[in-house]
Amino acid sequence: MRITDKGQILFVDMKEINGRVLTPSRSILIFLRPYPRYEEGDMIAAEGLFEQKPYDGKTFGILFASREEKIGRETQHIIMRALRKSRSVFESNLNATLPEPHAGFMKGLLLGEKTALPTDLLEKFKITGTSHIIALSGYNITLVGALLVDVMLFLTIPFWLTFWIASGSIILFVLITGVASSLARAAIMGILVLVAGRVGRPYHMTNALAFAGVLMLAVNPYVLRFDIGFQLSFLATLGLVYLTGPVDHAISSWIARIRWLRGKNVLPQKERSVLITVKKIASETIAAQLAVLPLVLYLFGGVSVVAPVSNLFVLALVPSAMAMGFLTGIAGFLWHPLSQVLGWGAWIILEYELRVIDFFAHIPLSFISVSFVGFIGVIAVYTGVALRHRIIGIKNKTS
Amino acid sequence: MIRRNIPAFLFLFSALSCIVIWYTVYYYEAPRHLAIHFFDVGQGDSIFLELPNHRQVLIDGGPTNAVLAKLGNAMPFWDRTIDLVILTHPHADHLDGLIEVLKRYEVGMVLESGAAYATPDYDEWNKLLRTTHTRVVYAHAGQHIMLSKESGFDILYPFENAAEKRFTNIHDSMVVSRFFYGSTSVLFMGDAERPVEYQLVGVGAHLAADILKAGHHGSKTSTTQALLDAVRPHFSAISVGRKNRYGHPHQDVVDRIAAAGISLFRTDTNGDIIFESDGMRMIPLP
């Protein structure tokens, strides 16, 4: 279920209609008024106007409830109940410490939840090409994990303990926030990084991505077609893995071609390392953007021109924002004032993000609409790229 | 990562601390005026007042949670308290946003009529008031709520305590109040309709004000000529949603206000409306 500005929306599996059993079951939406609030596990009888129309491509129909009544409660497993409860407390901890739209933004970052965000902010995300930060990415979870490990090692906590605490927090995080598809993939990859560090084997993002993808599709094959978050972040990670090298190379040769830099390759060590870091972020961003470009054109009807630059500023602090938000939410379980102080830290980072996004959204011509990319076109482009890559791969092997 | 970059982290930390400290200093030391925000929250009312002594008042919450982002913008980020919340009446377009406000902010006192009204929204509100142990005061004419030496609310309606009473039209239990700061003032009509207006004019209530918050989103049931003559405002504000299905505000009301030489501000065309007062003069901010 989901709570929006206009009321509550229930997602229901319809198993039977007019005494006829439906196989497979169809999913329908039930629109309810905002109050009284129902919780997951409530059994509800509703009547109202039923309209048979598709929604999101996977829904059979919508029931606009004119009257509804709670008729009981499903008995839940005690662990499930505890998890649901802790998720809602986690959310209200964030709500109690952060003002809006920061609280909604944080819930978007941590839980991948878009409903709490004002529409004008979502529009700005789109214009600046930063919508993907709301769809949890594996990369960010990896960074949050790494950040936790760093902090704990800095506090001279032994590595084996650090490993278990970090893995434990990621798992706890997934359990608390509910297993969204993007989050599940993110967590699988994040934990693999930690495991790789522990058993001393190098972490291959390709392997981790394939492993996470296969595992998730095995559990629920539908995400492949219907989960935009899955599609986008899978492609973005793919781009990160395969395109970062070539893009980085291109940027390097481009820099080398700039005249005033020529012969100045003897930069001091420190400045060069900063330059290399900036170059790395830039090429990673461009690689990810390139990989999702066709799909983004198809889904959002346009492309953000400022995306490579705005992402440079936005992404730098996303992992810290997530880590701060997670700590704020967790601290709320223990002691409210602690959670409040951490919340101020989270607020500063989020305020920075919001201002950067606002700044880039106001640059004229930052978003260009494209309307001629069809579904077939998208598939053709990706198939072409994959085939080309495959052929080159085979050629490289034979030669 | 952290161990290697300690200077960088220290620098970042001190830079951020500087920003926060100066922000706080400027917030508290700036010469302050009274600020009145008529929030644009769609078809519904939500008005926020912040006094020079940092007392904060919220009148109604609008139909959705949109009020939260408006508050987040109007209040400093560390501030999680609101001193006074006034619920003019329990209709959803005034109440629903307040429910989430009550969940997230510490509210010093709630002022409402307390009239009996059976909706799921109002039940939820009452339940929340009990669980949060919020102080509730039932409004009636003659009450004065002082917010500083020179500012406060005079409650003008209902004439007697309406708690637990039933009304065929809940608009007849409206909490009508006149806010004053120095010699400037605002009349908040809520959704009051013609009968309430006539009663207020009839008993000779102190209605004169610089700003009139026109009743019932500018509906033709409200803002009678008699009321305009008694209030004689410079400005009038109407809280109303874009392209709302009720056709508010009604053209007759808009014409009456224009004919009286009052400048009209509407949340559907002006967005958020902000007025400031130094205690001598009320000024609309562009």
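Colleague: Happy to look at this one with you! Where is the place of B:I6 in chain B?

Modeller: Glad to help; keep in mind that this is a predicted model. In chain B, the place of B:I6 is in helix 1.

Colleague: Is B:I6 buried, partly exposed or exposed?

Modeller: Its relative accessible area is 34%. Buried would need under 20% and exposed over 50%. The value for B:I6 lies in between, so B:I6 is partly exposed.

Colleague: Which elements give two or more residues to the nonpolar patch that holds B:I6?

Modeller: The patch lies on the surface and is formed by A:V151, A:F154, A:L155, B:I6 and B:L10, with about 430 Å² of accessible area together. Both chains take part in giving two or more residues: helix 4 of chain A and helix 1 of chain B.

Colleague: Now to the interior. Which helix gives the most to the largest nonpolar core?

Modeller: That core has 34 residues, and A:F105, A:M106, A:L109, A:L110, A:F125 and A:I133 touch the most other members. Among the elements of chain A that give two or more residues are helix 1 (78-97), helix 2 (102-111) and helix 3 (119-127). The most, nine residues, comes from helix 14 of chain A.

Colleague: How many residues are in the other core, the one with B:I47 and B:I155?

Modeller: It lies apart from the largest core, and B:I59 and B:A139 are also among its members. Its residue count is 30.

Colleague: Let's turn to the rings. Why is the pair of A:F31 and A:F64 classed as it is?

Modeller: A:F31 is in strand 3 and A:F64 in strand 5 of chain A, 33 residues apart. Their ring centres are 5.3 Å apart, and their planes stand at 65°. An angle over 60 degrees counts as edge-to-face. At 65°, therefore, the pair is edge-to-face.

Colleague: What is the class of the pair formed by A:F105 and A:F125, and are these residues buried or exposed?

Modeller: The pair joins helix 2 and helix 3 of chain A. It is tilted, at 5.5 Å centre to centre with 45° between the planes. Relative accessible area is 0% for A:F105 and 1% for A:F125. Since buried means under 20%, A:F105 is buried, and A:F125 is buried.

Colleague: Which residues form one aromatic cluster with A:W347?

Modeller: Over all chains there are 19 aromatic pairs. The cluster with A:W347 takes its other members from chain B: B:Y23, B:F77 and B:W78.

Colleague: Last one! Over which ring does the charged end of B:R80 sit?

Modeller: In chain A, the charged end of A:R37 sits over the ring of A:Y35, 4.6 Å from its centre. For B:R80, the charged end is 4.5 Å from the ring centre of B:Y105.

Conventions:
Residues are numbered from 1 along each chain as its sequence is written. Chains are lettered from A and ligands numbered from 1 in the order in which they are written. This is a predicted model: local features need pLDDT of at least 70, side-chain atom pairs count only at pLDDT 80 or more; totals for chains, interfaces and linings use all residues. Side-chain values use heavy atoms; hydrogens and water are left out. A nonpolar core is a set of buried Ala, Val, Leu, Ile, Met, Phe, Trp, Tyr and Cys residues joined through side-chain atoms within 4.5 Å. Buried means under 20% relative accessible area, exposed over 50%, partly exposed in between (1.4 Å probe, protein chains only). Helices (H or I, at least four residues) and strands (E, at least two) are DSSP runs, numbered from the N terminus. Patches are made of residues with over 30% relative accessible area and no salt bridge: like charges are joined within 9 Å, nonpolar side chains (Val, Leu, Ile, Met, Phe, Trp, Tyr) within 5 Å. Accessible areas come from the Shrake-Rupley method with a 1.4 Å probe; for residues, only the protein chains shown count as cover. A salt bridge is a side-chain nitrogen of Lys or Arg within 4 Å of a carboxyl oxygen of Asp or Glu. Rings of Phe, Tyr and Trp (its six-membered ring) pair if their centres lie within 6.5 Å; planes under 30 degrees apart count as stacked, over 60 as edge-to-face and the rest as tilted. A charge sits over a ring if NZ of Lys or CZ of Arg is within 6 Å of the ring centre and within 35 degrees of the ring normal.
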